[in-house]
Amino acid sequence: MDSTDNRPDSQDMSVDAGKKPAGKMRERIEENMLPRYTRISIYVIVTVLIIYVLMRLLDHFGDLVILIAQGLHWLGVIFKPLAAGFAFAYLLYPAADFFERKIDALKKRLRRKKNENLPIKSSRGLAVAITWLIVAAVVFIGLSLVVSTITSELKVLNLSDLDTLTVGFANTLKQLAANITSVLNQLNISSAQVEKSIQSIGTTLSDSIQNMASNLLANVSNITHFFSTLLFAIIFGIYFMLDGEGLKRYWGRAFRAFAGPKVTKYTKEFIADADRVFSGYVRGQLMDALFMAVVVCISLSVIGIKYAVIIGILTGIGNLIPYVGPFVAYGSTALVCLLNWNLEKFIVAICVLFIIQTIDGNVINPKFLSHTIHIHPVLVIVSLLIGSKIGGLIGMLVAVPCGGLAKVYFEKLINYRMKRKSARA
């Protein structure tokens, strides 16, 4: 009896329990309907606006392309000296740090002798000035040697020889004109036809001269642009070297303000790896190129090879790119010796260059590049091919360190995958 009386109550409770979740679900749906449709409406409006703006831009596509090209041009005008200044500062920064440490140590010694405990002022400006003065001296000495070598070789020609050459050239032209006149008389060619041919030849020559003049003016403007870019690059480089640490702290703080902890961590690791590979390789190659230029200049000058200074400088520049320096050294030496037919000097010079290249490849170059990673020759060749295709000479200069950086991260990926596999096992 009690059980039958309790059944309706239990049924009513189950019905109420079923209605409550249904009612709550309906309320939630009604609460979420308005924000959902609001978001959909906003998405539709934004999509329509984007389509409208794109259609308007397509109507003025030509003007937009011109505007973008002008903007990129002005960005290039600003970016070129800025990037070159950063490169100068990056390459010369260790030298400035070295001189700053030496000057500070000298100041400390002097103050110890005088028993002074005053704080030492920063010697950064003096260190940067010394660094740039050394660079200017090296460039000036190199240019002076090149100019003196060229002018000394040009002094071999006497004025009497030049006069004889000019008179002989004039006589040859007169004889050629006489022969042409006699041939025309034999062929019964009228003077009008000759004048017409001469006019066409004169028009062609004048057009060629005008093109040469315009190209010369363009080259002059390019030279002025180059020197102006170089001047601003040196100014930027000096500024970066003077306040490098302050700029590093400021932009590091700005990056941490907008990036997350993981991005900051990975970015620091990437910058550290890139600095290790690029700084070691580029600075090592520069030191090796300077060594090769000096040694080849001295060696070929002792042997008596003409243009020894120019050959040495070209060899040093070619040595910045792997496998190019030896070809430049052997090729230029062979060309100079064979043109003057100095077979004995040629054989001696080739033997000396072989000894220098062997010592450089097995002792000097590995010593300068001891802090960088080892790069397989196949990777070097592939990097040079890709770099020359993308960026020409500049691409070839930075191709090998880029390949080395890619190798670093490929090895990191391999280690990461091996750790994952060992953890699963």
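Colleague: Hello! Which residue's side chain does Lys407 meet in a salt bridge?

Modeller: Happy to help, and please keep in mind that this model is predicted. The N to O distance for the pair is 4.0 Å, and a salt bridge is counted within 4 Å. Both residues belong to helix 11 (residues 377-424), where being four residues apart separates them by about one helical turn. The partner of Lys407 is Glu411.

Colleague: Thanks! Is Glu245 buried, partly exposed or exposed?

Modeller: Glu245 forms a salt bridge with Lys248, with the closest N and O atoms 3.7 Å apart. Lys248 is exposed, at a relative accessible area of 55%. For Glu245 the relative accessibility is 39%, and values between 20% and 50% fall in the middle class. Glu245 is therefore partly exposed.

Colleague: How many residues apart in sequence are the parts tied together by Arg124 and Glu100?

Modeller: These two side chains meet in a salt bridge at 2.8 Å, N to O, and both residues are buried. Arg124 lies in helix 3 (residues 124-154), while Glu100 lies in helix 2 (residues 61-114), so the pair ties together parts separated in sequence by 24 residues.

Colleague: And which helices each supply at least two residues of the largest nonpolar core?

Modeller: That core has 15 residues, and those with the most contacts inside it include Val296, Ile303 and Ala349. Ile303, for one, touches Lys345, Val348, Ala349 and Val352, leaving aside residues up to four places away in sequence. The helices that each supply at least two residues are helix 7 (261-303), helix 8 (308-318), helix 9 (325-340) and helix 10 (343-368).

How values were computed
Residues are numbered from 1 along each chain as its sequence is written. This is a predicted model: local features need pLDDT of at least 70, side-chain atom pairs count only at pLDDT 80 or more; totals for chains, interfaces and linings use all residues. Side-chain values use heavy atoms; hydrogens and water are left out. A nonpolar core is a set of buried Ala, Val, Leu, Ile, Met, Phe, Trp, Tyr and Cys residues joined through side-chain atoms within 4.5 Å. Buried means under 20% relative accessible area, exposed over 50%, partly exposed in between (1.4 Å probe, protein chains only). Contact means heavy atoms within 4.5 Å.
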